[in-house]
Amino acid sequence: MQKVTRTEVTTHTEHNRDGSTTVTTTTRTIVEYRAKEDAPQPEKDPRQPPPRRYSPIELEQLQPLLDKNRAWAHMFRARNPGMLEELSKHQNPEICWIGCSDSRVPADLVCGLEPGSVFVHRNIANVVNHSDFSCLSVLQYAVEVLKVKHIIVCGHYGCGGCSAAMSHKQYGMIDNWLRSIKDVYAANKRKILSLHPAQQLDALVELNTAQSVWHVAETSVVQNAWARGQELTVHGWVYQLEDGLIHDLKLSVSAKDEIDEVYAYATEASVQSLERRRSHFEALPIMPTIQEH
């Protein structure tokens with residue numbers, strides 16, 4: 001690669017009210033890396049599409065994001081000297097957040113927390129199921145490596161995913177993802193339909209969030225943590241878009257005996273306990289048989 005440096009000069013003229021003119025000149029150095037013209041070029045694979053290049057309009061649209069990032073980084077470092085440098089070495093969040101991908105529900109922002117406070121996983125409609133390896137991987141890392149103390153499943157009222165699950169319309173591949181929410185709706189259909197139509201969606205949002213709470217508690221990752229004596233509680237919350245407030249569903253699970261027995265795993269600790277009980281029983285003296293005369 002060949003390094004090419006060029007200078008771009010922009011001049012801005014502003015006419016003042018007093019008749020004077022102010023001229024501002026901005027100089028920007030641009031560094032580009034180009035392939036050397038004399039270097040042998042690899043053969044192009046006709047099956048591969050050409051690399052996509054951003055148009056000037058797209059670059060103009062994205063540049064404000066980079067500008068805002070620089071402004072935020074400067075402000076954050078000034079307000080919290082050394083914090084970013086410290087966070088670059090490690091993270092110690094006490095909360096794992098499983099929420100919806102909705103852009104209006106950023107976990108750390110709605111909780112008023114700083115970077116490094118929340119370990120986050122988000123998907124459509126904050127669904128947790130046993131076949132989602134992405135969510136389960138986040139859960140395992142949060143529990144076994146970061147040792148979080150709280151797992152919060154947070155839905156939000158007016159959720160588009162739950163709304164779509166209530167309809168009969170096909171949306172494409174996402175229909176498979178929404179299937180688990182449809183199962184929640186089907187299992188609670190009578191209760192939901194007994195409500196006013198304006199309340200039915202919010203009821204499904206709460207029920208879907210509660211279902212995900214139980215699914216988290218039913219994982220072997222969480223149950224093994226409890227068996228090790230690790231402090232860990234799973235909570236269910238729902239966020240209100242209109243006022244920015246979080247509604248606590250008053251659903252918290254912090255022990256294995258709170259989940260349905262069919263989902264309880266025989267953890268290593270419970271197996272060892274069973275073996276100790278068996279050994280103790282086998283060591284007991286056998287009572288002599290009483291003969292009837």
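Is arginine 104 buried, partly exposed or exposed? Arginine 104 is partly exposed, with a relative accessible area of 48%, where buried means under 20% relative accessible area, exposed over 50% and partly exposed in between (1.4 Å probe, protein chains only).

This is a predicted model, in which local features need pLDDT of at least 70 and side-chain atom pairs count only at pLDDT 80 or more, while totals for chains, interfaces and linings use all residues. Residues are numbered from 1 along each chain as its sequence is written, and side-chain values use heavy atoms, with hydrogens and water left out.

**Salt bridges**

Side chains of opposite charge can pair when their charged atoms come close. A search of the whole structure finds five salt bridges, the term standing for a side-chain nitrogen of Lys or Arg within 4 Å of a carboxyl oxygen of Asp or Glu. Among them are the pairs in this table.

| Pair | N to O distance | Relative accessible areas |
|---|---|---|
| glutamate 94 and lysine 149 | 4.0 Å | 43% and 31% |
| aspartate 102 and arginine 104 | 2.7 Å | 16% and 48% |
| arginine 179 and aspartate 183 | 3.1 Å | 52% and 39% |

Glutamate 94 lies in the loop between α2 (83-87) and β3 (95-100) and lysine 149 in the loop between α4 and β5 (150-156), so their salt bridge ties together parts that are 55 residues apart in sequence. Helices and strands here are DSSP runs numbered from the N terminus (H or I of at least four residues for helices, E of at least two for strands). Glutamate 94 is partly exposed, and lysine 149 also counts as partly exposed. Aspartate 102, by contrast, is buried, although its partner arginine 104 is partly exposed. Arginine 179 and aspartate 183 both belong to helix α6 (residues 174-187), where they are four residues apart, about one turn of the helix; arginine 179 counts as exposed and aspartate 183 as partly exposed.

**The sheet**

Five strands form an open sheet of mixed pairing in the order β4-β3-β5-β6-β7, two strands being paired if DSSP finds at least two bridges between them. The edge strands, each pairing on one side only, are β4 (118-123) and β7 (246-253), and the twist averages 20 degrees from one strand to the next. β3 and β4 pair in the parallel sense over six bridges, and glycine 99 stands opposite arginine 122 in β4.

**Helices α4 and α9**

α4 lies across β3, β4 and β5, running at about 170 degrees to β4; axes are lines fitted to C-alpha atoms, for helices over the stretch in contact, and angles run from 0 to 180 degrees between N-to-C directions. The axes of helix α4 (residues 133-145) and helix α9 (residues 220-227) come within 9 Å and cross at roughly 10 degrees. The two helices, α4 and α9, are therefore roughly parallel to each other, a label for angles under 35 degrees. In this contact (heavy atoms within 4.5 Å), Leu139, Gln140, Val143 and Glu144 of α4 meet Val221, Val222 and Ala225 of α9. By class, the contact of α4 with α9 has five nonpolar, one polar and one charged residues, with Ala, Val, Leu, Ile, Met, Phe, Trp, Tyr, Cys and Pro counted as nonpolar, Asp, Glu, Lys and Arg as charged, and the others, Gly among them, as polar.

Within α9, Val221, Val222, Gln223, Ala225 and Trp226 are buried, and the buried residues of α9 pack against α4, β5, α8 (197-217) and β7. Just after α9, glycine 229 takes a positive phi of about 85 degrees.

How values were computed
Angles under 35 degrees count as roughly parallel, over 145 as roughly antiparallel, 65 to 115 as roughly perpendicular and the rest as oblique.
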